[in-house]
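Work through the exercises below with the sequence and the structure open. Each task is followed by a solution in steps.

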4 protein chains.
Amino acid sequence: MMIGIADEEFIRGQVPMTKQEIRILTLAKAQINFNSFVADIGAGTGSITIEAARLAVNGKIFAVEKNSDAIELIRRNVEKFSVNNVEIICAAAPDGLENFPELDAVIIGGSGGQLEKILDVLGTKIKIGGRIVINALTVQTLSTCVEYFKKIGWNYEAIQVQITRFQKISRYDMAKALNPVWIVTATRS
Amino acid sequence: MMIGIADEEFIRGQVPMTKQEIRILTLAKAQINFNSFVADIGAGTGSITIEAARLAVNGKIFAVEKNSDAIELIRRNVEKFSVNNVEIICAAAPDGLENFPELDAVIIGGSGGQLEKILDVLGTKIKIGGRIVINALTVQTLSTCVEYFKKIGWNYEAIQVQITRFQKISRYDMAKALNPVWIVTATRS
Amino acid sequence: MMIGIADEEFIRGQVPMTKQEIRILTLAKAQINFNSFVADIGAGTGSITIEAARLAVNGKIFAVEKNSDAIELIRRNVEKFSVNNVEIICAAAPDGLENFPELDAVIIGGSGGQLEKILDVLGTKIKIGGRIVINALTVQTLSTCVEYFKKIGWNYEAIQVQITRFQKISRYDMAKALNPVWIVTATRS
Amino acid sequence: MMIGIADEEFIRGQVPMTKQEIRILTLAKAQINFNSFVADIGAGTGSITIEAARLAVNGKIFAVEKNSDAIELIRRNVEKFSVNNVEIICAAAPDGLENFPELDAVIIGGSGGQLEKILDVLGTKIKIGGRIVINALTVQTLSTCVEYFKKIGWNYEAIQVQITRFQKISRYDMAKALNPVWIVTATRS
């Protein structure tokens, strides 16, 4: 199953959603396979969760989200896409993460200001060779990520992704920017 | 007088406005000086016109715009910024351009699908060494510009400018992209 | 098998290579599955070919490339990554494409100035619902793509992807831009 | 006098140079006028210094640079562009800044890892309403800037500028990215 579900396929509501291209790159950086156990922290609409669940068919996705409207969207998307390997956890991470099994990958789309605490907890759950992938939207999150992984001595890579979509307006293709996202990928050595 | 009036200083209404950073680069690429005669085609709110007028204190700016709401905004901005070297022309270019004097610079922010005809007319009005600077928002405008200047043998430069502004949200600085703009600058040789 | 082989894993030589993030997005846009028949036109080092071959395990990849140094690199990468479903064709497309079977996806990384002719030939080989994905590096290729698909009435999507990688220099993470790439994806309806 | 000297006009050597478009935006954000007193910290080749000197004809530019090769380039560019209002200071800032007069603007292109100390010293030299403009190339410099100005309570604005230049290769215009630069502008209130 290939990643890359179109944005409009997801049930969305008012909750912000990771855009398709960022989702694709995030999932590829996480190197999810058939058997992966994955945590999706700040799961939002569940778009990352759904795509991860279709990749890790013999694994499991833990979707952690504190917002109850978002939880409902995740439920509806899980149903729409008929994935049966998702466990939805309504909690403000790092709450709710203590009892996780060993994980192959962690994807963090939102951290509610608790990024370091979340990393402290999840860093111990990740297998050797497993990956943490963070989507940062702010200077502070980007900076916190790189300094954190430097401090704990994990190997990391940081990129900025700037996608512009062309919108058709009569005979023209007009450039419409999406907000840039920083993707930080760290590997447990 | 330095360029770089803040966007919120202009009276704006619903008319799209060239953003500050694009305005600054466009004006610098046009190399306007104290004595310049400048045409601003598709003048919109008049933000480029106003900044050009403050640079070309001994010159003149011809602001051409077909939309009557925009014309009113240009009038109000001319008044607000107390510039007295602007002539406002309500016309759909290339109409209204025939009687222009010799020009030092032309800035084209909008062409209503008539870009080549506008360039045909204005190309003959530009002094040797004078410049045409076009802000392109679509693939078609960018492509038309580079092919046009290739065809007529003018020297040109094309750049893409992608500005992201950081918006303060509590203690965070969040990346918010502006749409990318292509700036094509051609010099009459 | 997840996409996203690191750039340095490929044997490269002096031939330009599609960078990892562009490769990931291109493959996802092509929606390759286990059984896909895929043509990779202007295959270069074969990096797209290799990743496609690992996805389409029950399908086949036709790698078309005119440069003999690049052909040798593709051969060596096919060997290194132990993929056995790649057919390498040394030809300047559209030469060499006539006898292709029906295809699920076409990826065009280079066209040697023959893009429209290549599209003319391959457009007839693509299944209903199949996709053509083009990586454009120039204004002319981008423009040709969108005008071509408009003309033949296929549904298409165009995006610009601008990746910046952060390079570690002592305690700093320094922004290093990759060149932007336009990815045009058209679906045969 | 308009800003926007072409990059190739400057004598450059091996010293990294702020590119034209970044220079233009930096100078505009600094709001330099005829009478401005300006410090250019980490002046490099002197390209910012030269353009500032041509704007502040009745003012003065202090170019601070620790690298002796760069100092020589600044000297040669000052001579080439015949500006007579530049004082070159060979020092590793914050050394050499103590005896500065009151300044209208400070531009920081390089800080040798001493950014906060430099800001501590120069913050006291800036007039009310004066501006500090910093070009950041790394996550750490960007982060340090925004946190510093938050801490001392100055109003600031941060943008990211990503310029792509199109290079002519036969009949094509090929996209070539420059590295993105963050420009942080703070105003003393």
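**Exercise 1. The axis between chains D and B**

Task: Find which residue of chain D has its C-alpha closest to the rotation axis, and state the rotation that superposes chain D on chain B.

Solution.
Step 1. The model is a predicted one. In chain D, the C-alpha of Q162(D) comes closest to the rotation axis, at 2.5 Å.
Step 2. The rotation about this axis is 180°, with 0.0 Å of shift along it, and it superposes chain D on chain B with an RMSD of 0.0 Å.
Step 3. Of the contact residues of chain D, 100% recur in chain B, and the same surface serves both copies.

**Exercise 2. Chains B and C**

Task: Determine how chain B can be laid on chain C, and describe the interface of these two chains.

Solution.
Step 1. Two copies of a chain are related by a rotation about an axis and a shift along it.
Step 2. For chain B and chain C the turn is 180° and the shift along the axis is 0.0 Å, with an RMSD of 0.0 Å.
Step 3. This is therefore the relation of a two-fold axis.
Step 4. S143(B) has the C-alpha nearest the axis in chain B, at 3.3 Å from it.
Step 5. Count the contacts: nine residues of chain B touch nine residues of chain C, with heavy atoms within 4.5 Å taken as contact.
Step 6. Of the interface residues of chain B, 100% are also interface residues in chain C, so the copies meet through the same surface.
Step 7. The size of an interface is often given as the accessible area lost when the parts come together.
Step 8. Between chain B and chain C the buried area is about 660 Å², and carbon and sulfur atoms give 53% of it.
Step 9. On the chain B side, the residues that lose the most area to chain C are V139(B), Q140(B) and Q160(B), together 51% of what that side buries.

**Exercise 3. Helix α1 against helix α1**

Task: Describe how α1(B) packs on α1(D), then do the same for α1(A) and α1(C).

Solution.
Step 1. Helix α1 covers residues 20-30 in chain B and in chain D, and the two axes come within 10 Å and cross at roughly 115°.
Step 2. Angles of 65 to 115 degrees count as roughly perpendicular, and α1(B) and α1(D) are therefore roughly perpendicular to each other.
Step 3. The crossing of α1(B) past α1(D) is right-handed.
Step 4. From α1(B), the residues Q20(B), E21(B), I24(B), L25(B), A28(B) and K29(B) meet Q20(D), E21(D), I24(D), L25(D), A28(D) and K29(D) of α1(D).
Step 5. Sorted by type, the residues of this contact are six nonpolar, two polar and four charged.
Step 6. For chains A and C, the α1 helices (residues 20-30) pack at an angle of about 115°, with axes 10 Å apart.
Step 7. That makes α1(A) roughly perpendicular to α1(C).
Step 8. α1(A) passes α1(C) in a right-handed crossing. The contact includes I24(A) and L25(A) on one side and I24(C) and L25(C) on the other.
Step 9. Its residues divide into six nonpolar, two polar and four charged.

**Exercise 4. Two helices within chain D**

Task: Which residues of α4(D) and α5(D) meet, and at what angle do the helices cross?

Solution.
Step 1. The axes of α4 (residues 115-123) and α5 (residues 139-152) of chain D come within 10 Å and cross at roughly 35°.
Step 2. The crossing is right-handed.
Step 3. L115(D), E116(D), L119(D) and D120(D) of α4(D) meet T141(D), T144(D), C145(D), Y148(D), F149(D) and K151(D) of α5(D).
Step 4. By type, these are five nonpolar, two polar and three charged residues.

**Exercise 5. Backbone exceptions**

Task: Locate the cis peptide bonds before P94(A) and P94(B), and the positive phi of Q31(B).

Solution.
Step 1. Most residues other than glycine have a negative phi, and most peptide bonds are trans.
Step 2. The bond from A93(A) to P94(A) is cis, with omega near 15°. P94(A) sits in the loop between β3 (86-90) and β4 (103-108) of chain A.
Step 3. In chain B, a cis peptide bond joins A93(B) and P94(B), with omega about 15°. P94(B) is in the loop between β3 (86-90) and β4 (103-108) of chain B.
Step 4. Q31(B) is not a glycine, yet its phi is positive, about 50°. Q31(B) is found in the loop between α1 and β1 (37-41) of chain B.

How values were computed. Residues are numbered from 1 along each chain as its sequence is written. Chains are lettered from A and ligands numbered from 1 in the order in which they are written. This is a predicted model: local features need pLDDT of at least 70, side-chain atom pairs count only at pLDDT 80 or more; totals for chains, interfaces and linings use all residues. Side-chain values use heavy atoms; hydrogens and water are left out. Copies are superposed by least squares on the C-alpha atoms of residues with pLDDT of at least 70 in both. Axes are lines fitted to C-alpha atoms, for helices over the stretch in contact, and angles run from 0 to 180 degrees between N-to-C directions. Helices (H or I, at least four residues) and strands (E, at least two) are DSSP runs, numbered from the N terminus. Angles under 35 degrees count as roughly parallel, over 145 as roughly antiparallel, 65 to 115 as roughly perpendicular and the rest as oblique. A crossing is left-handed if the near helix is turned anticlockwise from the far one by less than a right angle, and right-handed if clockwise. Ala, Val, Leu, Ile, Met, Phe, Trp, Tyr, Cys and Pro count as nonpolar, Asp, Glu, Lys and Arg as charged, and the others, Gly among them, as polar. Buried area is the accessible area (1.4 Å probe) that two parts lose on being put together, summed over both.
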